[in-house]
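Visitor: Hey, could you walk me through this one? I'm new to reading structures.

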Amino acid sequence: MSECGKSKFKILLIGFGLFFLPFLSHAQVVINEVQLSPTAERFLELYNTSDSVVNLTGWYIQRKTATGSSFDSLVSNTNFKDKTIDSHGYFVISRNPLSSSNIVLSITLTESNTIQIKNSGGDVGDKIGWGSVSDCGNPCPLNPPDGQSIQKV
């Protein structure tokens with residue numbers, strides 16, 4: 001193939017790649033809101049930013065404290081079995097039943113934590129931290145007062 005032919009072929013490949021890239025993008029589930037206290041009103045909310053329903057089977061959420069060196073389980077993958085989150089929909093995990101709860105379980109969220117959600121392949125989909133943690137971005141949001149939450153906008 002001539003140099004001109006090779007250049008045209010590369011341009012054609014790049015054009016096809018740019019055209020099909022949106023169709024290859026993966027669904028993204030983010031940690032949208034977290035409320036720590038009062039304990040009875042503790043929850044975390046996930047949001048599906050994609051145009052597709054996401055099957056959460058096999059997904060899990062981990063937590064690390066400011067003094068911790070590794071992440072521990074917060075919401076295990078068994079809690080997400082056969083659960084889905086609609087396109088541009090919300091999914092709420094709460095300590096006590098709320099009108100919007102999808103999962104009710106005794107979650108532990110305290111001041112100065114980082115939480116991350118992982119998909120069934122173990123890839124981190126999103127992470128959020130607050131208080132005096134070092135791995136949440138700069139600067140970290142403050143620990144929220146009673147009855148208030150940290151929310152992504």
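Guide: Here's a short tour, starting with the overall layout. This is a predicted model, where local features need pLDDT of at least 70, side-chain atom pairs count only at pLDDT 80 or more, and totals for chains, interfaces and linings use all residues. Residues are numbered from 1 along each chain as its sequence is written, and side-chain values use heavy atoms, with hydrogens and water left out.

Visitor: Cool. How many helices and strands are in the protein chain?

Guide: The protein chain has one helix and eleven strands. Those are DSSP runs numbered from the N terminus: helices are H or I with at least four residues, strands are E with at least two.

Visitor: And in what order do the strands of the open sheet sit?

Guide: Five strands make that open sheet, ordered E8-E7-E2-E1-E11, with mixed pairing. Two strands pair if DSSP finds at least two bridges between them.

Visitor: Which strands stand at the edges?

Guide: Strand E8 (101-104) and strand E11 (149-151); each has a single partner strand, so one side of each is left without a neighbour in the sheet.

Visitor: How do E1 and E11 pair, parallel or antiparallel?

Guide: Antiparallel, over three bridges, with strand E1 covering residues 29-35. Val34 has Ile150 in E11 as its bridge partner.

Visitor: New topic: where is Lys81?

Guide: Lys81 is in the loop between strand E5 (72-75) and strand E6 (84-85).

Visitor: Is Lys81 buried or exposed?

Guide: Exposed, because its relative accessibility is 54%. The cut-offs are under 20% relative accessible area for buried, over 50% for exposed, and partly exposed in between, using a 1.4 Å probe and protein chains only.
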